[in-house]
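Reader: I should like to understand the terms used for this model before I rely on them. Please set each value against its definition.

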Amino acid sequence: MHSPSRSARTGLPFLVTGLACAVLSVVLLSLVAVRWPPLISADGSVAEALHRDAVGEPVLVHVNRVLTDWVWDPWTMRALTAVAVVTLWWRGARLLAVWVAVTSAVTTLVQQGLKALVGRERPRWPDPVDSANYAAFPSGHVMTAAVTCGLLLWLLRLHGAQPPLWWGSLALAVVSVTGVALTRLYLGVHWPSDVLGGALLGGAVCALSVAAYTRRTGGSPSTRSRPCRPVAGRR
């Protein structure tokens, strides 16, 4: 058993991070909803500049489409999460497996619910280089990548990943979340505030989920009790 005070201390950084991301997400969502002129102007300027470049660079467009549709596609991220869940379940960490699966499912529900609630239109171009479905805010690609990468990094830390693996995975996660955000912008299917919103919401969901799990279990990968070993020399 883990004492509540120890669990609270262990999960405090995640709780603070999650709440900070949630507050910033709400602020950004509000500015998007009321169409705050400085934000809308900045979104339009960045989107137009990137689109002008994309129209004249078909090779780069193709590379970005491969990255966004295959490498960093939400279904690719969900597949990675599914592998992690199955592995955890097989190793006996049943609660952790369910926790990760539910967090991934909640991510999808939150992003789709907010898309329907905000109803923001995607950029429209006379010469589009790509297309996308559903509303624009938040970016589902970025939010899913942020949650998936965050959860996988947390699992590595929980299971004592060695420094080379940890730092390599951290670098890959940063590249993935940043990369998917840039591909969505370059292909002209999102405004900059959409991808920022996806990153903030992903950070909030992931960090709050980790904080809740840590609060409940003290951060142990498995809550199964282990049999006590007999002490040598005693009968």
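**Burial, salt bridges, pockets and patches**

Reader: Why does Asp43 count as buried?

Author: Asp43 has a relative accessibility of 4%. Buried means under 20% relative accessible area, exposed over 50%, and partly exposed in between (1.4 Å probe, protein chains only). Asp43, at 4%, is therefore buried. This is a predicted model, in which local features need pLDDT of at least 70 and side-chain atom pairs pLDDT 80 or more, while totals for chains, interfaces and linings use all residues. Residues are numbered from 1 along each chain as its sequence is written, and side-chain values use heavy atoms, without hydrogens or water.

Reader: What makes the contact of Asp43 with Arg120 a salt bridge?

Author: The N to O distance between the side chains of Asp43 and Arg120 is 2.7 Å. A salt bridge needs a side-chain nitrogen of Lys or Arg within 4 Å of a carboxyl oxygen of Asp or Glu, so the pair qualifies. Side chains of opposite charge can pair when their charged atoms come close. The structure holds four salt bridges.

Reader: Where do Asp43 and Arg120 lie along the chain?

Author: Asp43 is in helix 2 (residues 37–55), whereas Arg120 is in the loop between helix 5 and helix 6; the two are 77 residues apart. Helices here are DSSP runs of H or I with at least four residues, numbered from the N terminus.

Reader: Is Arg120 buried or exposed?

Author: Arg120 is buried, because its relative accessibility is 9%.

Reader: How do you know that Asp194 also pairs with Arg120?

Author: The side chains of Asp194 and Arg120 approach to 2.7 Å, N to O, and form a salt bridge. Asp194 lies in helix 8 and Arg120 in the loop between helix 5 and helix 6, so the pair ties together parts of the chain that are 74 residues apart in sequence. Both Asp194 and Arg120 are buried. Salt bridges with shared partners thus join Asp43, Arg120 and Asp194 into one network.

Reader: What makes Asp130 and Arg65 a salt bridge?

Author: The N to O distance for Asp130 and Arg65 is 3.6 Å, and their side chains meet in a salt bridge. Because Asp130 belongs to the loop between helix 5 and helix 6 and Arg65 to helix 3 (residues 58–71), the pair connects parts 65 residues apart in sequence. Asp130, at 13% relative accessibility, is buried, whereas Arg65, at 35%, is partly exposed.

Reader: How many residues line the largest pocket, and which are closest to its centre?

Author: The largest pocket has a volume of about 460 Å³. Of its 21 lining residues, Ala146, Cys149, Gly150, Leu153 and Cys206 are closest to the centre. At least two lining residues come from each of helix 1 (4–33), helix 6 (140–158), helix 7 (163–186) and helix 8 (192–217). The lining has 15 nonpolar, five polar and one charged residues.

Reader: What is the make-up of the lining of the second largest pocket?

Author: The lining divides into four nonpolar, seven polar and seven charged residues. This pocket has a volume of about 370 Å³. Among its 18 lining residues, Asp73, Pro74, Asn133, Tyr134 and His141 lie nearest the centre. Helix 4 (74–90), helix 5 (94–118) and helix 6 each give two or more residues to this lining.

Reader: What distinguishes a cavity from a pocket?

Author: On a 1 Å grid, a cavity is a set of points where a 1.4 Å probe fits but cannot get out, while a pocket is open, with protein on both sides within 12 Å along at least five of seven lines; lining residues have an atom within 4 Å of a point. The structure holds one cavity of 30 Å³ or more, with a volume of about 40 Å³. The residues lining the largest cavity are Arg78, Thr81, Ser104, Thr107, Thr108, Thr144, Val147 and Thr148. Helix 4, helix 5 and helix 6 each contribute two or more of them. The classes are one nonpolar, six polar and one charged residues.

Reader: Why are Asp, Glu, Lys and Arg set apart in such counts?

Author: These four count as charged; Ala, Val, Leu, Ile, Met, Phe, Trp, Tyr, Cys and Pro count as nonpolar, and the others, Gly among them, as polar.

Reader: Which residues make the nonpolar surface patch?

Author: Leu12, Leu15, Val16, Leu19 and Leu208 make a patch of about 400 Å². A patch takes residues with over 30% relative accessible area and no salt bridge, and nonpolar side chains are joined within 5 Å (like charges within 9 Å). Helix 1 gives the most, with four residues, and Leu208 has its place in helix 8.

Technical notes
Points joined across faces, edges and corners; volume = space filled by probe spheres on them. Areas by Shrake-Rupley, 256 points an atom, 1.4 Å probe, with all protein chains shown as cover.
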